[in-house]
Amino acid sequence: MKQIIYKYWLLLLLCCASLAPAYGQKIKYSRDIYPLIQEGNYLQAYRMLHIYLQKEPDAINAYYQLARISEQRANRFDPLLQGHIVMRYADSCIYYFSEFDKRLTEKELRKNAEYYEDFFDEEDKASGKPKIEISEVKPVIEQKIAHYRRLKENLSTILRHFGKAVEHYDASLRLYNGLTEQYYTYKELLILADENVIETLNRLALHYDSTVYYLDRYRQALDQYPLEGYNQRYTVRPIVDFRIDGVEPFVDFLRPDIQLWNYAQWARQTVENIQKEIKPLKQSLAAAFKEAIQAADNKQSYEIDRPLLLKLNRYDYNSLISNLIEYYTHKSAYAQAEQIAKLETNLDAREEAQQFSELLFYGGKAREALSASLAAANEKNFKKYETILNSRYTSLNTLRQALSQEDAWINQEVRRLETEVKDQINRLLESMPVTSYENVPLPTAPNWRPLDEVKEGEWVVAESVKDGAGNYYLCGFRRAANDQLTGFVAKISEGKVVWMHQEKESEAQNSTAYTSLTLTEDGCLVTAVACATGPYSIQKAAIERFSNAGKRIEKVPLPFTDCPRFIRYNDVFGYWTLLAKGQALFDPATANEKVLLIEAKASNGQLNWQQEFRLLGNVVNLVPVERGYVVIGNFSEISFPDGEKAVSRVNNLAHHTNVFAVKYSSKLGNITRRNYYPSKQPLAVYQVYKASDKAIHLLGSMGTWKFQAFRFNPSESLHLIIDSELDFYYPFQKP
Amino acid sequence: MNKNIYLFLLCLLCLPTWLRAQKQPLPPPINTAAIEYAPTVSADGRTMIFETNRNNGKWELYVSYLRDGRWTNPEPIDSVNMYGGDTDLIGGPSISYDGNTLYFFASFKDGYGREDIYYSRRIGDRWSKPKNIGPVINTPAYEGFPCISADGKTLYFIRESTDEDGDILTRGDAICYRIFAAEKGKDGQWQKPYPLPMPINLGCEKAPRIMSDNVTLIFSSIREGGIGEFDLYLSRRNEEGDWSNPVLMDFASTPERDQFASVSASGDLLYFVTNNDIYTVPIPPKFRQNRNITIQGYIRDGESRQGIGAYVNVYDAETTEQLMRLENNPSDGRYTVVLSEGKRYIIEVEKQGYTVYFFEFDLRKLDKYQEFERDIELFRTADVHVNAIDRLIYEPLNAQILVTKQEGEQQIARQQTENGRTTLKLPIGASYRLKVQADNYIDTSFVIDLSRKVRYNVVEKDAILRPETKEYEIVVKDLETGEGLPFTVVLVNRSRDEVITLDENSSNTPGYYKVHIRESDEYELEVRNPAGYAFYSDKNPVISAKDATRKKVIELAPLKIGTKLTLNNIYFETGSAELSDASERELKKVIELMRRNPTLKIELAAHTDDKGSEAFNQRLSQARAQSVFNYLKKFGIPEDRMVPKGYGESQPIVPNDSDENRAKNRRCELIVIAI
C-alpha cells in the first residue's frame, strides 16, 4: 500500500516538476541577462531585468539597462501615432535613470565597468580596461532625465491638442456627412430644417471652431517642441456647393498640408438663412394659409400674396403649400362667382357666357391647384410645412383625406361645368340670326369657306361683329357668274339690312373683297383687297372707314400686298391693329409663311410698330385683350424673330396641327406671352369667341386639317378656353 | 495496485481525452485514405482549400465549399495543379482573407530554386495561372507554407533552419524550419524578409498561420513543454510589436504532428491537420483571436452593374492612419474586409475615375463576431442637375449651358434647359466650368469640381441668373402741392410672375422711387391704397425700359369736395351702356376707395363726344352712369353714397375736332361731393 502511495506521489511530483516554471532557478546577471543585451535581444532582456530586480532591487546596472532599453523603445515609436507608448517609455526612462542616478557609486563603475560601454572612450576601448569616472556619467544621466521630462511634458500637450483637433474635425465631418445623406439639396435642408437641424448646425460650427483652436495650439506646441517629421500646416476652403464640397470620409492630419472645409462658416450661414429667411417666410405662409382657408370657408374674396409665393419659389418651387393657398383662393373666388350667378338673372346669351366663364375660370384654376396639391402631398413635403398644415390637418393622412374630399367636390363641380359649357357656347353661337337681302339669305354669323366651294351668287361673310345695341356689322364678298368677287359691308339691325355698301371692280379680271371688320365709336373699319380674279392674288390692300350710317369716310392704302386677315380697333388708345398673311385672298399656308402684325394710330395711320413671325398653319383670330392682342391659330411649325420655335407634337405631316396663342402688347408690340396646346392627336381651332379676358373660347375639332382645302376631317369636337395670360385651363384634363 | 495505477492513469488520460473528444475529423469526401494536408479557410469559413495526394500520389490543391452545412466534393484547382510538371510539388495553400488570392508553394521549373512561393488570383469561380512572388522573398533554397495577413501587408512563411555550417536542423525525423515575415512597403512591393524573433523562433518551427485579427499567430513547434512532435502554439503581438510567450494549444495538440491551423474570421472553430487528416475543434475562449467582423460584397459600376476592380482602404478613424489597402477581385467585384475589435474604422472604396464610397464601423465595443453584406456602387459620371433660375422671382428659365473642362478649356457639352432644368452627365476626375446663358439675362458661370473625391453621383446646382435691367424713376406726388407721397407702388410684370413692391423702405425721399426693371419686359403700374387721395387711374399704366424717358410721374388728387377723377379705364360696348369686362379692374378700385372711405359720397359722371344727337348722347351718358352705379351697388356700395349723372356732350374737356379729342371727351368721372 505504501509503495502504491509512494508511486502515486512520485508520478504527481514528476508531473509538477515538468510544469515547474523555469524561473524557479536563480538568475545570474552576467550569465543570463547581459548576454541578451549584448546580442540585442532586448525584449527578453527587458523581461529578465524586471524579474532580476525583484530579487536584487539594488542592482544598479539593471536600472541603467532598463533605462537604455526604455530609451530605445521610446525612440522607436511614432510620437503622434503611438504617442502613448512613447510617453510610457519616457516615464520609464525618467524612473530608471533616476533610480540609477540615486544608486550610482564610484565603486559600481570600477567594479562593473564592462556594463557601461556607452561611456567608454577610445582609450577605454583600446586598453580593454575601462576607467569611467562618476563625473562623466552623472551629467549625462541628469541630461537624459531632463530631456525625457521635457519630452513627456511637451508631447502630452502636443498629443492632447492634436487628438482634440482630430476628434473635433472628425465630429464635424460626421455631422456634415450626415446632413448630406439626409437632405438631397441645400434648399431642401433649409425648408425642412427644424430645431434639431439647427442644433446640429450649431454643433457643427462649434466642433469646427474647436478644431481650429486645437490645431493652432498644436502648432504652437510644435513650434516650442518640434517633432521630427511633423510640421503640418492647414488651409481652409469654403463650402460653396452642398453635397459637392465638404463631403469626405476623413482628413489626413498627418500630411504636411491639412485641408479643412470651413464647416463653421457654412453652418452659421445656414442657421442665419433659416432664422432670418425661412422662419419669417413660414410665419407669413401660415398667415396666408389661414386667410385663404377662411376666405374659402366663408366664401369671401381673398387676394393671393404673390410676392410671398414668389419668395417661397426660391426654396421650394411649385410647393405643396403654395398650391394649397392657390386652391383655397380659387375656391373662394369660385364660390363668390357662383353666388353672383345665382343672383343675376335675365341675362342675354353673351352675359350668361361671361358669367359662366368666371365659374369655368376659377373652377379650372382650383382644380389645377388641387391636382398639384394632391401630387405634392407626401411625407417630405408635409414635413416641410408641418407646423403650418397642423393648424388644419393633424397628419399627412388627414391632409390626403381632406384633399380627396375637395377633389370629389371640385370634380363634381367641374363635371357640371363641363356639361354646361357646351350648351352655353352653342346657345351663344346659335343666337346669331339669318336675315335676308334681296331675298337672298344673308347670315350674320361668319360663313367663310374655301373659295372653290363658294357658288355663284353666294354671300360669304368674312367677319361679323355685334355692337352693344344689338346691331350686326358684316363684311365679306359675293361671287358672280364669272368668278368675279364683289365686296360688301353691311349693317343689320333686328333682322333687317339697314345699309349695305358693295364694291365691285370695273374690270372682270379684278375682284374686290372685304376681309375683316372692327367697330369704332362712330362706325367701323374694314380691310379691303383688290385681287386678280381667278388666282385671287392680292394687288392692293386698304383700310376703309365707314360711319354708322354706312357712308365711306376714308380709304387708307396699306403698304403691302399680304392678305389682311384681321383688323381690330383699340378704343383705349385710338389704334388699329392688323394681321396679314398670305399673298392671295385667304391664302392657306402651304409653306412656312410670314404673318405680319402692325399697329397704327387710327387718326393718322402712323405706324406704332410692326411684328412678324413665320407660320406653317393658319391664324384663326386676333383677339383684343386688356392692353394687348392675342393671335390664335393652328400650327405645324411656328417660329419667331427672337429664335423661339415650336413644332406641333404631331408634326409628321403639315396638316397635323396643334393650337398656338401669342400675346402682343399694344403700344409697344412686345410679345408678352406665348403658349401652345400640345397634343399627340392633330387638332385645329376654327372659331374663337371671347367671353371675357378670363375666358376666350376656342372651338374646333380633333382631326386633321388640310391646309390647301381648308377642310377638316374631324373626329370629335374640340373646345379650349384660355385666359388673357394664355393659360389653357379648359379642358381641365391636360393632354 | 495495478487497478489503482490504471485508475490514476485513466484520470490523467481522461482530462485530455475529454478535450480530445471535441476534435473531429472532417468526414469524406474531405478526408480520404490519402493524405489531406494544410487546410486553409476563407474569412467567411465557406471555402476550404487543402493539399492532398489523392490523385495517384501527386500533391495537388483541391477546393471545397460549405453549403447547407456540408462540404462539397473537393475539386482540383487545375490552373495551379496543371501549371508545372507531373513531379512538381505543390502545397501549403493559404487563401487571403479577402478570398481573392491563393498563396502556396511549389517546385515549378520557373522558380528561383527548390520550392518557391507562388500566388494565384481568383477570376470568378476559377483561379489564375500561378505567379512567382519574386526574388525578394524566394531564394534558391526552400520557401514554403506562406500565409498572408488580413490587411495584406505581411506575408509569413518558412525557410529551413540551418546550423552555422548550413546543415538543415532536424528533430528526430522532422525537418526544422524558421518562420519569416516580409512586409509590403509604401510602394506596395515586398521588402526583405526577416525571421520572427524569440520567443517565436526557437529553432524548430513551421506552418505559421496569422489570424484575421493580424496579431494572433498560430504555428507549429517542437519545443520544451510540448505534447507530441509538432504541437500548436499561439502567440499574440502587442501594439509595440512584441510577440507574447507562445502558449501551447493543448485543446488541439496530440502526440502526433499537429500543424496547419486555420481559423475563419468568426474565430470559433480551428481547422488543423493531425495524423494526415483534417480535423476541426472548437476553440476555447482564452485561445480565441480578437473579435472581429467580416464585411463582404460586390463593388459594381453603378450604371453597367458590372463588377469592377477597386481599392478598399481602411483607416483608423481616431488617427486617420491607413491600416489597410486591399484590392477586390476585378473579375466580379467581390471584396472582403476583416476588421478587429477595439477601433473605429472608416472604410473607403475608391477607383480612379469613379465616385468614392465610404462608411464607418465602430468596433470599440464589439461583443461577438458578425458578418455584413454590403454591395457598393461606384459611378463614372455625376448627374449634375442644373436649375436655371431667375434671381428675382426664382422662376425656371430657358437657358443654354456650356460646359468646358477647366484644364485645357475643351468644350464638352452644350445643353438647353427644359422647364428651367437640365441634367449634365459629367465624368468624374476633372473640374468643369459651366457657363449659363439666357436671353435678356446676364451670363453666369461657376465651377463644378469633380477632380477630388466625389461622394454623390447626383448633385444639384442652381444657376441663378440676373436679368438685364435698367433704372426707372417713379414719382408719386400730390397733384396740387407737388409734395412726394409715400404710397406703395406695385409694378406687375406683364410677361411673367413678377411683382415689385416699392414702399417707404425703398426710398429715402417719400414718393421718389428708383427701381430696376427688366429691359425686355413691360410692367403695369399701380398705386396701392393711397389714403386720403383718389386712386391712380391711367389709360396706359404700362412702363418699359424702352420708354423714351425712363421716368413716370403720378399725380394724385387729394380727396376733398370737388375732387374730380377721370376713370380712364371704364369702357362700354360700342354704342351701348353695357360695361365691357375690361372695366372690371377700374371699378374694383372705385369699390376699394368707397370701402376705405366710408363717409365718401361721389357723383358718377358720364360724358360723350358730339357724334350723334344731343338727346341720344344725353340718354347714352345717363345710361352709362347708371351702369357704373349698378355695378358698384352689386358689390355692396350703398346707393345713397353715389349719384349717377349723364352729361351728354355738354362738358367737353377738349374741342371735338378730331378722333383723339373725341376719345378724350368720351369719359367717366368720379367727383367727390361729400367726405
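The following exercises, each with a worked solution, concern a predicted model.

**Exercise 1. Determine how helix 5 and helix 8 of chain A are oriented relative to each other.**

Step 1. Locate the elements: helix 5 of chain A covers residues 83-103, and helix 8 of chain A covers residues 134-182.

Step 2. Take the geometry of the pair. The two helices pack at an angle of about 155°, and their axes are 9 Å apart.

Step 3. Apply the cut-off. Angles over 145 degrees count as roughly antiparallel, and helix 5 and helix 8 of chain A are therefore roughly antiparallel to each other.

Step 4. Add the handedness: the crossing of helix 5 of chain A with helix 8 of chain A is left-handed.

Step 5. Inspect the residues that meet. Helix 5 of chain A contributes, among others, A:Val86, A:Ala90, A:Ile94 and A:Phe97. From helix 8 of chain A come residues including A:Ile141, A:Ile145, A:Tyr148 and A:Leu155. By class, the residues of this contact comprise 13 nonpolar, three polar and seven charged.

**Exercise 2. Describe the contact between chain A and chain B in terms of its residues.**

Step 1. Count by chain: 52 residues of chain A and 54 residues of chain B take part.

Step 2. Identify the contributing elements of chain B. At least two residues each are supplied by helix 1 (2-20), strand 29 (344-350), strand 40 (458-467), strand 43 (499-502), strand 46 (542-544) and helix 5 (659-665) of chain B.

Step 3. Classify the side of chain B that touches chain A: 24 residues are charged, 19 nonpolar and eleven polar.

**Exercise 3. Decide whether B:Glu669 is buried or exposed, and describe its surroundings.**

Step 1. Place the residue: B:Glu669 belongs to strand 51 (residues 667-674) of chain B.

Step 2. Count neighbours. A residue is buried if 20 or more other C-beta atoms lie within 10 Å of its own; B:Glu669 has 20 such neighbours and therefore counts as buried.

Step 3. List contacts, leaving aside residues up to four places away in sequence: B:Glu669 touches B:Lys564, B:Leu565, B:Thr566, B:Leu567 and B:Ala605.

**Exercise 4. Work out the arrangement of the sheet with the order 44-41-47 in chain B.**

Step 1. Establish the type: this is an open sheet of three strands with mixed pairing.

Step 2. Find the edges. Strand 44 (512-518) and strand 47 (551-556) of chain B each have a single partner strand, so one side of each lacks a neighbour in the sheet.

Step 3. Note the twist: on average, neighbouring strands are turned by 25° against each other, direction ignored.

Step 4. Examine one pair. Strand 41 (residues 469-478) and strand 47 of chain B pair in the parallel sense over six bridges. B:Glu473 has B:Lys551 in strand 47 of chain B as its bridge partner.

Notes:
Residues are numbered from 1 along each chain as its sequence is written. Chains are lettered from A and ligands numbered from 1 in the order in which they are written. This is a predicted model: local features need pLDDT of at least 70, side-chain atom pairs count only at pLDDT 80 or more; totals for chains, interfaces and linings use all residues. Axes are lines fitted to C-alpha atoms, for helices over the stretch in contact, and angles run from 0 to 180 degrees between N-to-C directions. Helices (H or I, at least four residues) and strands (E, at least two) are DSSP runs, numbered from the N terminus. Angles under 35 degrees count as roughly parallel, over 145 as roughly antiparallel, 65 to 115 as roughly perpendicular and the rest as oblique. A crossing is left-handed if the near helix is turned anticlockwise from the far one by less than a right angle, and right-handed if clockwise. Two residues are in contact if their C-beta atoms, placed from the backbone, lie within 7 Å. Ala, Val, Leu, Ile, Met, Phe, Trp, Tyr, Cys and Pro count as nonpolar, Asp, Glu, Lys and Arg as charged, and the others, Gly among them, as polar. A residue is buried if 20 or more other C-beta atoms lie within 10 Å of its own, exposed if 12 or fewer, and partly exposed in between; C-beta atoms are placed from the backbone. Two strands pair if DSSP finds at least two bridges between them.
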